[in-house]
Amino acid sequence: AKSPKLREPPPPPYDSSAPSLFHTFATMGTALSSLTDEQLEAKFTDGDKDGSGALDAFELKGILEATLEGRTFGTEQIVDLMKKYDVNGDGVLGLEEFKNLAKEAESLGSPAALPEDIYELSFASEKLGFSVKNDINDATLVVVSKVKDADLVGQITPDDEIYAINGVPIAHQNSINTHEALAAKVKTLTARPLHVAFKKKA
């Protein structure tokens, strides 16, 4: 006689707190906190594009977004991370500072919306269509000098501050405090579109 067919036990109740399969796959291989010291050092070296031995905010943002696929880091988040982990205050991150930062950066949420006094435009062509200068009252600020592209008139206002480029705050870059230094940095950012955030003149 055939043995009776065993009934499969009912599935366990669904636990909404358990990580989903999608979540497991989404985070595999992208966690900074799971990298060894040697792997973090390799990320640091790869991200140090100018070979200075330290990371500026442009390089930091590039490493974080390349490693944590699908994540974007907002201007304020990069500002806060640089302020918190740039222990010696030199405006860049050394290897040990980067290792400490990496674990917290991963746990940050989505970037907040830009404040009302900040607006962002994207530029697809190599020439941006406006010139810059140092602010008359604060020589450490780089501001819009002239709007050369007719399409940008009314969108950009002279004397508005160049607040961030590609999500990286300019005012917190010790190496960028003149309009010449900013222009030199922009020349190294060849990928387009280029995203520029402007802060309205108070």
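What share of the contacts in the protein with a separation of 6 or more comes from residues 24 or more positions apart? That share is 62%.

## The overall picture

Keep in mind that this is a predicted model. The protein has 202 residues, and 36% of them count as buried. Its secondary structure adds up to 6 helices and 6 strands. If you walk along the sequence, you meet them in the order α-α-α-α-α-β-β-β-β-β-α-β.

On the outside, the protein exposes about 12,700 Å², with carbon and sulfur atoms supplying 55% of that area.

## The nonpolar core

Now for the inside. In soluble globular proteins, nonpolar side chains tend to be buried together. Here, the largest nonpolar core holds 41 residues, and Leu64, Phe123, Phe130, Ile156, Ile162, Ile165 and Phe198 have the most contacts inside it. Helix H3 gives the most to this core, with 5 residues.

Leu64 is worth finding in the structure. Leaving aside residues up to four places away in sequence, Leu64 touches Leu32, Phe73, Ile78, Leu81, Leu101 and Ala105.

## Helix H3 and its surroundings

Helix H3 covers residues 57-67. Since 8 of its 11 residues are buried, H3 is largely enclosed by the rest of the structure. The buried ones are Ala57, Phe58, Glu59, Leu60, Lys61, Ile63, Leu64 and Thr67, so you'll spot charged residues as well as nonpolar ones in that list.

What does the covering of these buried residues include? Among the elements are helix H2 (37-47), helix H4 (75-85), helix H5 (95-107) and helix H6 (179-188), along with strands S4 (161-165) and S5 (168-169). At the start of H3, Asp56 has a side-chain oxygen that comes within 3.1 Å of the backbone nitrogen of Phe58.

## Glu59, a buried charge

Glu59 sits in H3, and it is buried without a salt bridge. Why no salt bridge? The nearest side chain of opposite charge, Lys185, is 5.3 Å away, and a salt bridge has to be within 4 Å, so this pair doesn't count.

What does the side chain of Glu59 reach instead? One partner is the backbone nitrogen of Lys49, at 3.0 Å. Another is the backbone nitrogen of Asp50, which lies 3.3 Å from a polar atom of the Glu59 side chain. Setting aside residues up to four places away in sequence, Glu59 touches Gly47, Asp48, Lys49, Asp50 and Ala54.

Notes: Residues numbered from 1 in each chain as written. Predicted model: local features only at pLDDT ≥ 70, side-chain atom pairs only at ≥ 80, totals over all residues. Heavy atoms only, no water. Helix = DSSP H or I, 4+ residues; strand = E, 2+ residues; numbered from the N terminus. Buried < 20%, exposed > 50% of the residue type's maximum accessible area, 1.4 Å probe, protein only. Polar contact = N/O pair within 3.5 Å; in protein donor to acceptor, adjacent residues only side chain to side chain. Contact = heavy atoms within 4.5 Å. Areas by Shrake-Rupley, 256 points an atom, 1.4 Å probe, with all protein chains shown as cover. Core = buried A, V, L, I, M, F, W, Y, C linked by side-chain atoms within 4.5 Å.
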